[in-house]
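The following exercises are to be worked through with the sequence and the coordinates at hand. Each task is followed by a solution in steps.

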Amino acid sequence: DLFAEIDQRMTDFVARFLRLDHVEARKVQKQYYAQHGTTLNGLMSLHGMDPADFLAHVHEIDLSPLPRTEDLRLALEALPGRKYVYTNGSRRHAERVTDYMGLSGVFTGQFAIEDSAYTPKPNRSSYDAFIARFDLDPRRAVFFEDLARNLAPAHTMGFSTVLVHSEKDWSHEPEIARPAASGDDRPAHIDYVTGNLTHFLQALTA
């Protein structure tokens, strides 16, 4: 449940920045997330906020809930080709998470929200910038995500798509922007679904 702390810190930031009480701030936070891709993008678009303070605040979290799985590292290393982290989070957040999980040396590069001029997935221009940065051919690549809506542009561009779900209850998130949960419907733009990323990757090279 790593996102729970980020979620709370975003609400706190919105409350202070917009001078709202906690209840109203959370409503605004979720509205911006649903309508603008990220709470950050909503604050920037509608209020002209400088993103630096927001990113520094919301991602300075306790990483101890994360596993350090050697099996995942080995499964990633066994795959041919380049591997990239593509996140709506900050560069520092991506670095902290991969370092903590013992995965920092696995990836060829990372593409964070700063690298897309703060334009988040699922905005098409963010995917275009990601592809251009690393000279990728989507027709020869696979895109992994835990948000179904973020796989729609990837599918249109030619990526094979994999939706990674969990057993967590995401019903408190806006319906159109919920991470995948076990038992969700499978939209046509999703090629594969898994609830265990390590096992899915191991099967590819077995």
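A residue counts as buried when its relative accessible area is under 20%, and as exposed when that area is over 50%. The model examined here is predicted.

**Exercise 1. Describe the overall fold and the compactness of the protein chain.**

Step 1. The protein chain contains nine helices and five strands. Their order along the sequence is α-α-α-α-α-β-α-β-α-β-α-β-β-α.

Step 2. The radius of gyration is 17 Å, close to the 17 Å given by the globule rule for 206 residues, so the protein chain is as compact as a globular protein of that length. The C-alpha trace spans about 55 × 35 × 35 Å along its principal axes.

Step 3. By the cut-off above, 46% of the 206 residues are buried. Of the contacts between residues at least 6 apart in sequence, 61% join residues at least 24 apart.

**Exercise 2. Characterise the surface and the charges of the protein chain.**

Step 1. The accessible surface amounts to about 10800 Å², and carbon and sulfur atoms account for 49% of it.

Step 2. There are 22 positive and 29 negative charges, and the mean positions of the two sets lie 3 Å apart.

**Exercise 3. Determine which residues of helix 9 are buried and what they pack against.**

Step 1. Within helix 9, which comprises residues 197-204, Thr-198, Phe-200 and Leu-201 are buried. These residues lie on the same side of helix 9, because the arc they cover around the axis is only 165 degrees.

Step 2. His-199 and Ala-203, on the other side of helix 9, are exposed.

Step 3. The packing partners of the buried residues are helix 5 (70-78), strand 3 (142-145), strand 4 (160-164) and strand 5 (192-194).

**Exercise 4. Identify the buried residues of helix 8, their cover, and the residue that follows the helix.**

Step 1. Helix 8 spans residues 148-157, and its buried residues are Arg-149, Asn-150, Leu-151, Pro-153, Ala-154 and Met-157.

Step 2. The cover over these residues includes helix 2 (22-36), helix 7 (124-134), strand 3 and strand 4.

Step 3. Gly-158 follows helix 8 and has a positive phi, near 110 degrees.

**Exercise 5. Locate Asp-137 and state its exposure.**

Step 1. Asp-137 is found in the loop between helix 7 and strand 3.

Step 2. The relative accessible area of Asp-137 is 28%, so this residue is partly exposed.

Step 3. Asp-137 and Phe-159 are 22 residues apart along the chain, and their C-alpha atoms are separated by 8.4 Å.

Terms used:
Residues are numbered from 1 along each chain as its sequence is written. This is a predicted model: local features need pLDDT of at least 70, side-chain atom pairs count only at pLDDT 80 or more; totals for chains, interfaces and linings use all residues. Side-chain values use heavy atoms; hydrogens and water are left out. Helices (H or I, at least four residues) and strands (E, at least two) are DSSP runs, numbered from the N terminus. The radius of gyration is taken over C-alpha atoms; the globule rule is 2.2 Å times the number of residues to the power 0.38. Buried means under 20% relative accessible area, exposed over 50%, partly exposed in between (1.4 Å probe, protein chains only). Contact means heavy atoms within 4.5 Å. Accessible areas come from the Shrake-Rupley method with a 1.4 Å probe; for residues, only the protein chains shown count as cover. Lys and Arg count as positive and Asp and Glu as negative; His and the chain ends are not counted. The place of a charge is taken as NZ of Lys, CZ of Arg, CG of Asp or CD of Glu. The arc is that of the directions from the helix axis to the C-beta atoms.
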